[in-house]
Amino acid sequence: MDYKKSNAPDSTITWDTQDLASGTNNIYESVLVIAKRANQISVEMKEELNKKLQEFASYTDNLEEVFENREQIEISRFYERLPKSSSISTQEYIDGNIYHRVNDVKKEE
C-alpha cells in the first residue's frame with residue numbers, strides 16, 4: 001500500500017465512536033480490528049524503511065568515523081512525517097477499506 005497517498009490526519013483528532021462502531025456494532029471489536037491493521041501497517045513501514053536504509057549501511061568497525069549521509073537523513077525525516085499507523089488504519093476503517101470477519105467457534109459439549 002502506498003502510505004504517501006493516505007488521507008489520514010497527521011495529528012491527533014477525535015473520532016466519533018458511533019462511526020467506529022458502525023461496522024461491527026461493538027466499539028471494542030472495531031478498536032481490535034483497527035489495532036491489528038495498525039500493527040500490520042507498522043511492520044510493513046518498518047521493513048520498507050530498513051530496506052532503504054540498508055543501502056547506506058557501512059560495515060566498517062571504525063567507531064571514530066561518523067558519516068552524515070544527507071539522503072539517509074531525508075529518508076528518515078520522510079518516514080517521521082508520515083501519519084502514524086494507528087491514524088492510517090482508523091482512516092481505512094472509516095472509509096471501509098478493511099475487510100474483517102468474526103470466527104464463531106462454538107465448543108461442542
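1. A pocket, as the word is used here, is an open set of grid points with protein on both sides within 12 Å along at least five of seven lines, and its volume is the space filled by probe spheres set on the points. The model discussed below is predicted. By that reckoning, the volume of the second largest pocket is about 160 Å³.

2. The lining of this second largest pocket includes Ser-42, Met-45, Lys-46 and Leu-49. Also in the lining are Tyr-79, Glu-80, Leu-82, Pro-83, Lys-84 and Ser-85. Two helices, α2 (27-54) and α3 (70-81), each give at least two residues to it. The largest share comes from α2, with 4 residues. By class, the lining holds 5 nonpolar, 2 polar and 3 charged residues.

3. How do α2 and α3 lie relative to each other? Their axes come within 10 Å and cross at roughly 170°. Angles over 145 degrees count as roughly antiparallel, so α2 and α3 are roughly antiparallel to each other. On the α2 side the contact is made by Met-45, Glu-48, Leu-49, Lys-52 and Leu-53, and on the α3 side by Gln-72, Ile-75, Ser-76 and Tyr-79. These contact residues comprise 5 nonpolar, 2 polar and 2 charged. Met-45, Leu-49 and Tyr-79 thus serve in this contact and also line the second largest pocket.

4. Helix α4 (residues 85-95) also packs against α2, with the two axes coming within 8 Å and crossing at roughly 125°. That angle makes α2 and α4 oblique to each other, and their crossing is right-handed.

5. Which residues make the contact of α2 with α4? From α2 come Ser-30, Val-33, Ile-34, Arg-37, Ala-38, Ile-41 and Ser-42. They meet Ser-85, Ser-86, Ile-88, Ser-89, Thr-90, Glu-92 and Tyr-93 of α4. Sorted by class, the contact has 6 nonpolar, 6 polar and 2 charged residues. Ser-42 and Ser-85 are found both in this contact and in the lining of the second largest pocket.

6. The largest pocket holds about 280 Å³ of space. Its lining has 13 residues, and those nearest the pocket centre are Leu-32, Val-33, Lys-36, His-100 and Arg-101. Of the lining residues, 5 are nonpolar, 4 polar and 4 charged. Val-33 takes part in the contact with α4 as well as lining this pocket.

How values were computed
Residues are numbered from 1 along each chain as its sequence is written. This is a predicted model: local features need pLDDT of at least 70, side-chain atom pairs count only at pLDDT 80 or more; totals for chains, interfaces and linings use all residues. Side-chain values use heavy atoms; hydrogens and water are left out. On a 1 Å grid over the protein atoms alone, a cavity is a set of points where a 1.4 Å probe fits but cannot get out, and a pocket is an open set with protein on both sides within 12 Å along at least five of seven lines; lining residues have an atom within 4 Å of a point. Ala, Val, Leu, Ile, Met, Phe, Trp, Tyr, Cys and Pro count as nonpolar, Asp, Glu, Lys and Arg as charged, and the others, Gly among them, as polar. Axes are lines fitted to C-alpha atoms, for helices over the stretch in contact, and angles run from 0 to 180 degrees between N-to-C directions. Angles under 35 degrees count as roughly parallel, over 145 as roughly antiparallel, 65 to 115 as roughly perpendicular and the rest as oblique. A crossing is left-handed if the near helix is turned anticlockwise from the far one by less than a right angle, and right-handed if clockwise. Contact means heavy atoms within 4.5 Å.
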